[in-house]
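Here are my notes on the model, point by point. Please read them with the structure open.

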Amino acid sequence: MHHVCRTRQSTRYRRRDCGRRCDDIIGCRCGRRTGRMNTMGLWSVIRSLLGLDTPPAPRAGMPTRATAAALTSTVKPARRQPAAYGTRAHTARNHAAPSRAAAPSKASALRSKPTPAPLLPQHDIDAARTIIGPIEKHDLSDEQISAIAGAEHNTLVLAGAGTGKTTVIAGYVAWLLATGKARPDDILVLSFTRKSADDMSARIRQATGSTVHASTFHSLGLEICTASRLGKPVVLTDAEAERNIFQPIFGRMLREPERYPALLALLPDYLRSRIREAAQQSRQQAQQARHSQYTRAQETADTKPFIDKLSATAKTVITHMRAQNLDIEALRRLNEQRGGKHTGRNRMLLDLLDPVYRAYMSYLRDHRCIDFAGMITGATDAIRSGDYRHGYKYVLIDEYQDMSLPRYRLVRALREQRDFSLFCVGDDWQSIYRFAGSDIRLILDFANVWGDWGPTTLRELTVTRRFGPSLIDASGEFIMRDTSLYHKQLRSTATATDHSLKVLGGHGTQAVYDALVKQLRALRGKAPSVLLLGRYNSDIMPIKRADSAHGLFRFNDDGTIVFREKPGMTIEFMTVHKSKGLQRDYVFLLCCTGGMKGFPSTIPPEPLIGLLLPEAERMPDAEERRLFYVAMTRCRKKVFFMVDTDRPSRFIYELHKSRPNIFRGVPLPEQCPACGEALVTRMANGDPDRTFTACTGYPQCRFTRDGAGKRSR
């Protein structure tokens, strides 16, 4: 399913057609919308991409594929009609191929988004507040009441950080029960983690005295699979798969000489160099060169890290394959179509994964197991085949910005079987799990995604009780540089002038450590809670190394840290991803440096995994920006940015331009005009009399400037 892109592109001398062969699903790689795209229904696309069977007949009143095609027969219809998410019409309209060269304009980003509905009239708000009553001993705000009492058949509530997302869900359940719109058995509440689902269930029970079905997507999938199979399957855990499948099979591969060429190509640089050294010592066995290199490498190099890396890569690839109902052959075809410059490397990795995948599937069959991806896809199939019937009238989804395409298909299958009112709460500014399959388009294009069931009512929660106006302004300005997101203006319940942001640090790791210790000593309060955040788990290591000469901290295995001078102070270290949903008095962001493992991180995903992930966004570092926003908004009182001025992050430079007053005493080096990393002065050939300015992003950026100010790239 390809055609030739007719997008007009300018060159230096003439105008020409792009001319590339374009996938109808994703558009052209030139970054523009394709000139023509045929319309295709959701089910046809799913069958062609994922190999699913013919779908069941649509429910009464739901648009069929034929009517959908008639409504969306061109890219720009006279009157825009909703298309099912995943159809060619929907994709062509909203998701041209990503381009890092240019971000979408604000007008184009916001054109398809619904306008937030105004607050309900005050007398309606007061009446609804009386019916609902206090939730967790507090009356709901006017915004929360309007979101609850003003909900329609499709409702999306955009809730900023600290605005009470969970409270609104509990309040909506209380409203449904108090008004008689639903009984407890009519309501399904979905969340993404067991902890959040249990917390939601407890809050609803406390607020209403009733128990509703609050579940994770995987638990719901397992329930459906159990009900449809007349027996509960055994769950294959990640630890069991690692122990019984991945580690043994890769251990065997490292003893098979015929696997050597592919393994060598995938080795990390440090291990590849050790193999080459070992090969040079084995020249006398040239007739068995490959085998000798391989055997010698096992003797001289520690291959366990490589086995771990291969196991992790294999587990991730197979998880995404299973989530999308792809087998190895389907992934090979996808690689040939969209692998680009990585096609050859992906082929080698697929050759290695082939026996691993077959062993994985055999293990599932032989032991009658189900994995986590299978819980979702199996449940979806059971619903579509009619093996499972549901009776829900209201479905509520928390943290909707984390929605993935397989989970969307599950909810859609439930709705196609029997319609229900959908109430979703989320924050597109905090969508940070693309690596796990989350697709931000599902919230940005909510009106189109669920358009088959009528128009969308959009509500907003903008009053935060977590942090003050200064952090609201700084974080909001930072995140809204991505104009494809919903525009929101948060407000604080606090009105007093505050100083919620501060940059600390200096030249080198020791200076950062000293600044951290000094600030911890200065914190006031009986027992303030402190959160140290890293982009990666390894971001705590510089602090540990610097502390080895002082012994001021005790680092526990569970991530807690004891500051010996203030043992009553609660200190934790975790990654920003893990901190989502948490809040502490003070937050110290440790990872404010540039580079591959900086913030933003520029480490590319494994290319084969990239084929299985949702489309990347056009704006560079879009998800990293949202992750930085999440880090900024974990604090109740103040966030500290710990900056090594040898190589500050591009995000730190961005903050410096908008908030220079928070950088007192922490000067930044000049920023590279080419890539945004820091510039540094170097000596030419070690000669102190011959200096030049270079980018710390080398070799990715080769910007230099000689002593006379002459630039080169």
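1. Start with helix α26 of this predicted model. Its buried residues are Ala622, Glu623, Glu624, Arg625, Arg626, Leu627, Phe628, Tyr629, Val630, Ala631 and Met632. That makes 11 of the 11 residues of α26 buried, so the helix is largely enclosed by the rest of the structure. The list includes charged residues, among them Glu623, Glu624, Arg625 and Arg626.

2. Next, the sheet of 7 strands. The sheet is open, its pairing is mixed, and its order is β15-β21-β20-β16-β19-β18-β17. The edges are β15 (501-506) and β17 (553-555), and each of these pairs on one side only. Neighbouring strands are turned by 25° against each other on average, direction ignored.

3. Look at strand β20 (residues 584-589). Buried are 6 of its 6 residues, so β20 is largely enclosed by the rest of the structure. β20 runs parallel to β16 (residues 529-534), and 4 bridges join the two. Within that pairing, leucine 532 has phenylalanine 588 of β20 as its bridge partner. β20 also pairs with β21 (residues 635-644), again in the parallel sense, over 5 bridges. Here valine 587 is matched with valine 639 of β21 as its bridge partner.

4. β16 has a further partner to check. It pairs with β19 (residues 570-575) in the parallel sense over 6 bridges. Glycine 534 has its bridge partner in β19, namely threonine 575.

5. Which helices pack on this sheet? Helix α22 (residues 509-522) lies across β15, β16, β17, β18 (560-563), β19, β20 and β21. Its direction is at about 155° to β21. Helix α26 (residues 622-632) packs on the sheet as well, touching β15, β16, β20 and β21. The direction of α26 makes about 125° with that of β21.

6. Now the open sheet of 6 strands. The order is β7-β6-β10-β11-β5-β12, and the pairing is parallel. β7 (213-216) and β12 (456-461) stand at the edges with a single partner strand each, so one side of each is left without a neighbour in the sheet. On average, neighbouring strands here are turned by 15° against each other, direction ignored.

7. For a close look at this sheet, take β6 (residues 187-191) and β10 (residues 394-397). They run parallel and are joined by 4 bridges. Leucine 190 has isoleucine 397 of β10 as its bridge partner. Helix α9 (residues 217-229) packs on the sheet and touches β6, β7 and β10. Its direction makes about 105° with that of β7. Helix α7 (residues 165-178) lies across β5 (154-159), β6, β10, β11 (421-426) and β12, running at about 170° to β10.

8. How many disulfides does a search of the whole structure find? The count is 0. Cysteine 701 is in no disulfide, and the nearest cysteine sulfur, that of cysteine 675, is 3.7 Å away. The cut-off for a disulfide is sulfur atoms within 2.5 Å. Cysteine 701 has 7% relative accessibility and counts as buried. Cysteine 369 is buried too, with a relative accessible area of 12%.

9. Last, threonine 377. Is this residue buried or exposed? Threonine 377 is buried, since its relative accessible area is 9% and the limit is under 20%. It sits in helix α17 (residues 372-385). Apart from its neighbours within four places in sequence, threonine 377 is in contact with Arg322, Ala323 and Asn325.

Methods: Residues are numbered from 1 along each chain as its sequence is written. This is a predicted model: local features need pLDDT of at least 70, side-chain atom pairs count only at pLDDT 80 or more; totals for chains, interfaces and linings use all residues. Side-chain values use heavy atoms; hydrogens and water are left out. Buried means under 20% relative accessible area, exposed over 50%, partly exposed in between (1.4 Å probe, protein chains only). Two strands pair if DSSP finds at least two bridges between them. Axes are lines fitted to C-alpha atoms, for helices over the stretch in contact, and angles run from 0 to 180 degrees between N-to-C directions. Contact means heavy atoms within 4.5 Å.
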